[in-house]
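Here's a quick briefing to read with the model open in your viewer. We'll go through the empty spaces, then the sheets, then a helix pair.

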Amino acid sequence: MGLLAGAMSSRYYLFFLILLGIASGKSFSKDFVIAVGESQLQIHPRVESYLNEVILPIYRKVGLKPKLVILPMARLRILQDKGEVDAVGGSIYNPAIEKNYQPISTPITDEVSVNLYRRPGIRTNDLNVAFVKGESGISLFKQKYGGMKSKLHEVRNREILFLMLKLKRVDAIVTGDFALKSHFTPTEFESLEVELLQRVTVSHYVNRKHSEIFIKLEDEIKKLDKKKKFRLFHFIKNEK
């Protein structure tokens with residue numbers, strides 16, 4: 001009985017060590033980790049397919065073993081601020097990300113709009129505004145309306161964000177136009193008051209410690225872009 005208990009204890013100890021390795025990130029040691037925010041997959045129904053069918057094969061072509069990791073946006077922001085993932089699937093420019101990551105010169109998207117979407121008839125100077133926690137768009141709103149008495153509401157992802165606006169739980173939301181159009185009916189979309197905050201591009205970012213890999217990726221991506229096979233909207237259009 002004592003022998004059996006000892007064997008069981010050893011087994012649990014081994015299991016604990018495996019879990020510890022996963023928690024510390026050691027399980028990713030042979031993988032090139034590309035992190036993407038959960039809410040980013042909700043921009044368009046084909047975003048996850050784009051990452052799997054366009055981005056990951058580029059990494060395989062330069063000899064790497066890429067692993068796509070989906071995280072809440074707030075968690076992704078923490079990891080990218082610390083430089084703890086190898087690449088970030090897509091991000092608009094913000095000073096924090098470029099501390100540890102370098103953008104591929106060919107953007108994933110052409111210019112898109114980050115907007116404030118309001119329910120009709122709502123006063124601009126007194127808004128309940130929702131945004132996805134960890135996304136950069138809310139900083140654009142604060143730059144423009146920092147002096148207002150707005151109440152800001154953080155949500156985990158875009159599905160919750162859009163639902164809050166549809167159910168009139170908030171007066172307005174901050175998000176990109178590319179995200180909203182694929183989740184609202186034409187009638188719902190046309191009823192909203194839209195205010196441009198900034199025109200932006202979305203880029204793929206690679207950790208600055210991978211400078212040699214970055215050069216290889218740049219070359220492969222430029223070749224694909226010449227064939228109109230790299231950018232997200234080309235991918236979506238070609239699938240229709």
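Let's start with the second largest pocket: helix H5 (137–145), strand E9 (193–200) and strand E10 (203–207) each put at least two residues into its lining. Keep in mind that this is a predicted model. Besides that pocket, there's a cavity to look at, with a volume of about 450 Å³, plus two open five-stranded sheets, one running E2-E1-E3-E10-E4 and the other E7-E6-E8-E5-E9.

**Second largest pocket**

- The space in this pocket comes to about 200 Å³.
- Its lining counts 15 residues, and the ones nearest the centre are Ile92, Tyr93, Asn94, Gln198 and Val200.
- Which element gives the most to this lining? That's H5, with three residues.
- Sorted by class, the lining splits into seven nonpolar, seven polar and one charged residues.

**The cavity**

- How many cavities of 30 Å³ or more turn up in a search of the whole structure? Just one.
- The largest cavity holds about 450 Å³ of space.
- Its walls are made by 32 residues; Gln40, Ile43, Gly90, Ser91 and Val202 sit nearest the centre.
- Helix H2 (47–61), helix H3 (73–82), E3, strand E6 (128–132), H5 and strand E8 (172–176) each contribute at least two lining residues here.
- H3 is the top contributor to the lining of the largest cavity, with four residues.
- H5 turns up in both linings: it supplies at least two residues to the second largest pocket and at least two to the largest cavity.
- The class breakdown for the cavity lining is 17 nonpolar, twelve polar and three charged residues.

**Sheet with E3 and E10**

- Five strands make up this open sheet, in the order E2-E1-E3-E10-E4, and the pairing is mixed.
- At the edges you'll find strand E2 (66–71) and strand E4 (101–103), each of which pairs on one side only.
- From one strand to the next, the twist averages 30°.
- Strand E3 (residues 87–91) runs antiparallel to E10, and three bridges join the pair.
- What stands opposite Ser91? It's Ser203 in E10.
- Ser91 is also one of the residues nearest the centre of the largest cavity.
- E10 has another role too, as one of the elements supplying at least two residues to the lining of the second largest pocket.

**Sheet with E5 and E8**

- The other open sheet is also built from five strands with mixed pairing, and the order is E7-E6-E8-E5-E9.
- Its edge strands are strand E7 (151–155) and E9, each pairing on one side only.
- Ignoring direction, neighbouring strands in this sheet are turned by 25° against each other on average.
- Strand E5 (residues 112–118) pairs with E8 in the antiparallel sense over five bridges.
- Within E8, Ala172 stands opposite Arg118.
- E6 and E8 from this sheet each supply at least two residues to the cavity lining, while E9 does so for the second largest pocket.

**Helix pair H2 and H9**

- The axes of H2 and helix H9 (residues 211–226) come within 10 Å of each other and cross at roughly 130°.
- That crossing angle falls between the cut-offs of 115 and 145 degrees, so H2 and H9 are oblique to each other.
- As for handedness, H2 passes H9 in a right-handed crossing.
- H2 is also among the elements giving at least two residues to the lining of the largest cavity.

Definitions and conventions
Residues are numbered from 1 along each chain as its sequence is written. This is a predicted model: local features need pLDDT of at least 70, side-chain atom pairs count only at pLDDT 80 or more; totals for chains, interfaces and linings use all residues. Side-chain values use heavy atoms; hydrogens and water are left out. On a 1 Å grid over the protein atoms alone, a cavity is a set of points where a 1.4 Å probe fits but cannot get out, and a pocket is an open set with protein on both sides within 12 Å along at least five of seven lines; lining residues have an atom within 4 Å of a point. Grid points are joined across faces, edges and corners, and a volume is the space filled by probe spheres set on the points. Ala, Val, Leu, Ile, Met, Phe, Trp, Tyr, Cys and Pro count as nonpolar, Asp, Glu, Lys and Arg as charged, and the others, Gly among them, as polar. Two strands pair if DSSP finds at least two bridges between them. Axes are lines fitted to C-alpha atoms, for helices over the stretch in contact, and angles run from 0 to 180 degrees between N-to-C directions. Angles under 35 degrees count as roughly parallel, over 145 as roughly antiparallel, 65 to 115 as roughly perpendicular and the rest as oblique. A crossing is left-handed if the near helix is turned anticlockwise from the far one by less than a right angle, and right-handed if clockwise.
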